[in-house]
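This report describes one protein chain, going from its overall make-up to single residues. Please keep the sequence and the model side by side while reading.

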Amino acid sequence: MTRRKVVVAGGAAVAAVGVGGGLAVNAFAGETTTDTASSSATASETCYTLTSETTEGPYYIDADKIRQDITEGKEGIPMTLELKVIDADTCKPVKNAAVDIWHCTALGVYSGYEAMGSGGGGGGGTPPSGAPTDAPSGTPTGEPPSGAPSGGTGGGHSEPTDDERYLRGTWKTDKRGYVTFKTIFPGWYQGRAVHIHTKVHVDGTWTDAGYEGGHTCHTGQFFFDEKSVLASAEVSPYSTNSTTRTTLTEDTIYPQNGHTGGLLYLKYDKKNIAKGVRAHLTMGVAPDETHDSTDTQPSTSASPSAS
């Protein structure tokens, strides 16, 4: 059993914990949209194999912000992320779970690790117009950020370098297993496809201090299809990210198994993705098991700093 504790600044944030999945669900209502996959899950789609476990990556910060809106004013395409957590064995919703998400900015920088920079969160570049012509064939070029772990698993942890916590948050699943976050469409950095990290914690207790005790039953990542990433790359500030982008098929962490591997269902205006993106996915987890780091090691060719 692992123990985690969330310290919440202010009672109002604690009071808000009881309101699961209600934030910004209709943020983009009324727009003309296109689905990159099916936009609605049927009952038959909610019972399926376990969602793939993947590496935690070096940039996880345990027990931080209890909130649904994690943007902190960061520039980017607004995105509503709705997740449903179910027991993959019984297909029943997992209620009162604590779900963490964290991801980089449009320019590939993680809060808490700004001193490490990114694989190339620089500016002045030209957005990609298609699949990269020089696809990475092995270890990404250049040195990993200072302080990044050595070794080839991609699962080592780096200690934070600063107190920033944007684009990170924890929220409670409601009685139907749903949790909703307001964030931005992530950018990319050296050696990785566009992604969001997640953890699901169960059997803990929600208190005035936040969430305590329990164990982590799922550690994974969410991914974005190529069409949506190319569309985002036309929008500022993503268009200033000059880093060579790794596509989904080239990524050494993504298990290449579709929605079971974390590929999100996306909905957005095909002609204007800048208006916002709605993303959703059902996660099948094993509540009685502990998966707090990684069960599937990525290829040894992956850079440990690019997780």
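The sections below treat the elements, the sheet, a further strand pair, the aromatic rings, the cavities and two single residues.

## Overall make-up

The model is predicted. The protein contains 2 helices and 9 strands. Read from the N terminus, the order of these elements is α-β-β-β-β-β-β-β-α-β-β. The chain has 307 residues, and 53% of them count as buried.

## The four-stranded sheet

Four strands form an open sheet in the order S4-S3-S6-S7, and their pairing is antiparallel. At the edges are strand S4, residues 168–172, and strand S7, residues 210–223, each of which pairs on one side only. On average, neighbouring strands of this sheet are turned by 20° against each other, with direction ignored.

Strand S3 covers residues 98–102. S3 and S4 run antiparallel and are paired over 5 bridges; Val99 has Trp171 in S4 as its bridge partner. S3 is also joined to S6 by 5 bridges, again antiparallel, and here Asp100 stands opposite Lys199. Strand S6, residues 195–207, is in turn joined to S7 by 12 bridges, and these two strands run antiparallel. His195 stands opposite Phe223 in S7.

How many of the residues of S3 are buried? The count is 5 of the 5, so S3 is largely enclosed by the rest of the structure. The side chains of this strand point two ways: Ala98, Asp100 and Trp102 one way, Val99 and Ile101 the other, and all of them are buried.

## Strands S2 and S5

Strand S2 covers residues 78–87. S2 pairs with S5 in the antiparallel sense over 7 bridges. One of the facing positions is Glu82, which stands opposite Thr180 in S5. Strand S5 runs from 178 to 184, and 5 of its 7 residues are buried, so S5 is largely enclosed by the rest of the structure.

## Aromatic rings and charges

A pair of aromatic rings is described by two values, the distance of the centres and the angle of the planes. The whole structure holds 8 aromatic pairs. Among them is the pair of Tyr59 and Tyr110, whose ring centres are 4.8 Å apart. Why is this pair called tilted? The planes of Tyr59 and Tyr110 stand at 40°, and the term tilted applies because this angle falls between the limits of 30 degrees for stacked and 60 for edge-to-face. Tyr59 is in the loop between strands S1 and S2, whereas Tyr110 is in the loop between S3 and S4, 51 residues away along the chain. Both Tyr59 and Tyr110 are buried.

Tyr60 and Trp102 also form a tilted pair, with ring centres 4.6 Å apart and planes at 40°. Tyr60 lies in the loop between S1 and S2 and Trp102 in S3, so this pair ties together parts that are 42 residues apart in sequence. Tyr60 and Trp102 are both buried. One aromatic cluster is made up of Tyr59, Tyr110, Tyr113 and Tyr189.

Charged side chains also sit over rings. The charged end of Lys199 is over the ring of Tyr60, 5.0 Å from the ring centre. The charged end of Lys74 is over the ring of Tyr166, 4.1 Å from the centre.

## Cavities

How many cavities of 30 Å³ or more are there? The count is 2. The second largest cavity holds about 40 Å³ of space. Its lining residues are Ala193, Val194, Phe224, Glu226, Val229, Arg245, Thr246, Thr247 and Leu248.

## Two single residues

Val229 is one of the residues that line the second largest cavity. Val229 lies in helix H2, residues 226–232. Is Val229 buried or exposed? Val229 is buried, because its relative accessible area is 3% and the limit for buried is under 20%. The C-alpha atoms of Val229 and Arg245 are separated by 9.9 Å, and the two residues are 16 residues apart along the chain.

Ala115 lies in the loop between S3 and S4. Ala115 has a relative accessible area of 61% and is therefore exposed, the limit for exposed being over 50%. The C-alpha atoms of Ala115 and Asp162 are separated by 7.6 Å, and their positions lie 47 residues apart in the count along the chain.

Methods: Residues are numbered from 1 along each chain as its sequence is written. This is a predicted model: local features need pLDDT of at least 70, side-chain atom pairs count only at pLDDT 80 or more; totals for chains, interfaces and linings use all residues. Side-chain values use heavy atoms; hydrogens and water are left out. Two strands pair if DSSP finds at least two bridges between them. Axes are lines fitted to C-alpha atoms, for helices over the stretch in contact, and angles run from 0 to 180 degrees between N-to-C directions. Rings of Phe, Tyr and Trp (its six-membered ring) pair if their centres lie within 6.5 Å; planes under 30 degrees apart count as stacked, over 60 as edge-to-face and the rest as tilted. Buried means under 20% relative accessible area, exposed over 50%, partly exposed in between (1.4 Å probe, protein chains only). A charge sits over a ring if NZ of Lys or CZ of Arg is within 6 Å of the ring centre and within 35 degrees of the ring normal. On a 1 Å grid over the protein atoms alone, a cavity is a set of points where a 1.4 Å probe fits but cannot get out, and a pocket is an open set with protein on both sides within 12 Å along at least five of seven lines; lining residues have an atom within 4 Å of a point. Grid points are joined across faces, edges and corners, and a volume is the space filled by probe spheres set on the points.
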